Structure formats: structure tokens, C-alpha cells
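Please look through the sequence and the model shown below before reading on. The paragraphs that follow lead from the overall plan to individual residues.

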Amino acid sequence: MILSQEEERKKLLKEALKAELRSAAKDLLEEIALAERKLFCKQNEDVCNGYYSRGLDGLFGKMDVRTPRTRDKVFRPFFLEPYKRTSMNWKIL
């Protein structure tokens, strides 16, 4: 019984850590995308035009990233490839 409790604690800790890392990664990607869009609009005389949700599957599991867009719809953050939802570089676990 003690072993099962210890295993359960490890599992809960692992899941909690994974959730925190996923949240931090999501926040970081969203901040980077905003900074990229700002620079892109300045260099290309484009206009910021809201956001869309983009699902990604990576090292920390699935997450929805709030992705900024531009009026001309040619801006794409560095971490997004067209039609690709999984980043194989992130799947190292």
C-alpha cells in the first residue's frame, strides 16, 4: 500500500509539473509571437488584426496558442509551420 501511495504521489507531481511547464511554454510562445508581429508590421507596413487559436502538440502535451495575425494574413510566427500541428523537435520525452 505504501508503494502504491508513493507511485501515486510521483504521478501527481509529474502531471502538475507538466501542466506548469505547458502553461509557461504557451505564455512564452504567445509573447514571442506578439513581439514578432510588432516587428513584422513595422517592417512591412502591415496592420495588426487580432488573434486566432492554433493547437500545437509538443513536449508538454497539447496546448492552444493564441496566435496574432495581420490584416494581410502573411505573418506567421517562427514556431508555426503551415498545416503542421506537431513539433517533432519538442517530443523528446
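Helices and strands are here runs assigned by DSSP, a helix having at least four residues and a strand at least two, and they are numbered from the N terminus. The model is predicted. With these terms, the protein contains one helix and two strands, and from the N terminus on the order of its elements is α-β-β. Helix α1 covers residues 2–44, and the loop between α1 and β1 includes Asp-46.

How confident is the predictor in this model? The average pLDDT of the protein is 85, and 86% of the residues score at least 70. Confidence is lowest in β1, with a mean of 89, and highest in α1, with 91. As a general caution, where pLDDT is low, the predicted coordinates should not be read in detail.

The two strands may be considered next. Strand β1 spans residues 48–58 and strand β2 spans residues 61–70; they pair in the antiparallel sense over nine bridges. Two residues lie between β1 and β2, and the two strands form a hairpin. Individual bridges can be followed in the model. Gly-58 has Gly-61 as its bridge partner in β2, while Gly-55 has Asp-64 as its bridge partner in β2.

The chain as a whole can also be described by its surface and its contacts. The protein has 93 residues, of which buried residues make up 26%. It exposes about 7,300 Å², and carbon and sulfur atoms supply 55% of that area. Among contacts with a separation of 6 or more, 59% are between residues 24 or more positions apart. A separate example of distance along the chain and in space is given by Ala-35 and Pro-68: they are 33 residues apart along the chain, and their C-alpha atoms are separated by 9.7 Å. Ala-35 is placed in helix α1. This residue counts as partly exposed because its relative accessible area is 48%.

Charged side chains come next. In general, side chains of opposite charge can pair when their charged atoms come close. How many salt bridges does the count give? The count comes to two salt bridges. In one of them, the side chains of Arg-9 and Glu-6 meet at 3.7 Å, N to O. Both residues lie in helix α1, three residues apart, which is about one turn of the helix. Arg-9 counts as exposed because its relative accessibility is 55%, whereas Glu-6, at 36%, counts as partly exposed.

Another salt bridge joins the side chains of Glu-30 and Lys-26, at 2.8 Å, N to O. Glu-30 and Lys-26 also both lie in helix α1, here four residues apart, about one turn of the helix. Is Glu-30 buried or exposed? Glu-30 is buried, because its relative accessible area is 14% and the cut-off for buried is under 20%. Its partner Lys-26 counts as partly exposed, at 26% relative accessibility.

Asp-46, in the loop between α1 and β1, presents another case. Asp-46 is buried yet has no salt bridge. Why is there none? The nearest side chain of opposite charge, that of Arg-71, is 6.5 Å away, and a salt bridge requires a nitrogen within 4 Å of a carboxyl oxygen, so this pair does not qualify. What does Asp-46 touch, leaving aside its neighbours within four places in sequence? Asp-46 is in contact with Phe-40, Cys-41, Thr-70, Arg-71, Asp-72 and Val-74.

The backbone provides a last topic. Most residues other than glycine have a negative phi. Which residues of this model have a positive phi without being glycine? Glu-45 is one of them, with a positive phi of about 50°. Glu-45 lies in the loop between α1 and β1, and it counts as exposed because its relative accessibility is 74%. Lys-73 is another residue other than glycine with a positive phi, near 60°. Lys-73 is found in the segment after β2, and it is exposed, with a relative accessible area of 63%.

Terms used:
Residues are numbered from 1 along each chain as its sequence is written. This is a predicted model: local features need pLDDT of at least 70, side-chain atom pairs count only at pLDDT 80 or more; totals for chains, interfaces and linings use all residues. Side-chain values use heavy atoms; hydrogens and water are left out. Two strands pair if DSSP finds at least two bridges between them. Buried means under 20% relative accessible area, exposed over 50%, partly exposed in between (1.4 Å probe, protein chains only). Lys and Arg count as positive and Asp and Glu as negative; His and the chain ends are not counted. Contact means heavy atoms within 4.5 Å. Accessible areas come from the Shrake-Rupley method with a 1.4 Å probe; for residues, only the protein chains shown count as cover. pLDDT is the predictor's confidence in each residue, from 0 to 100.
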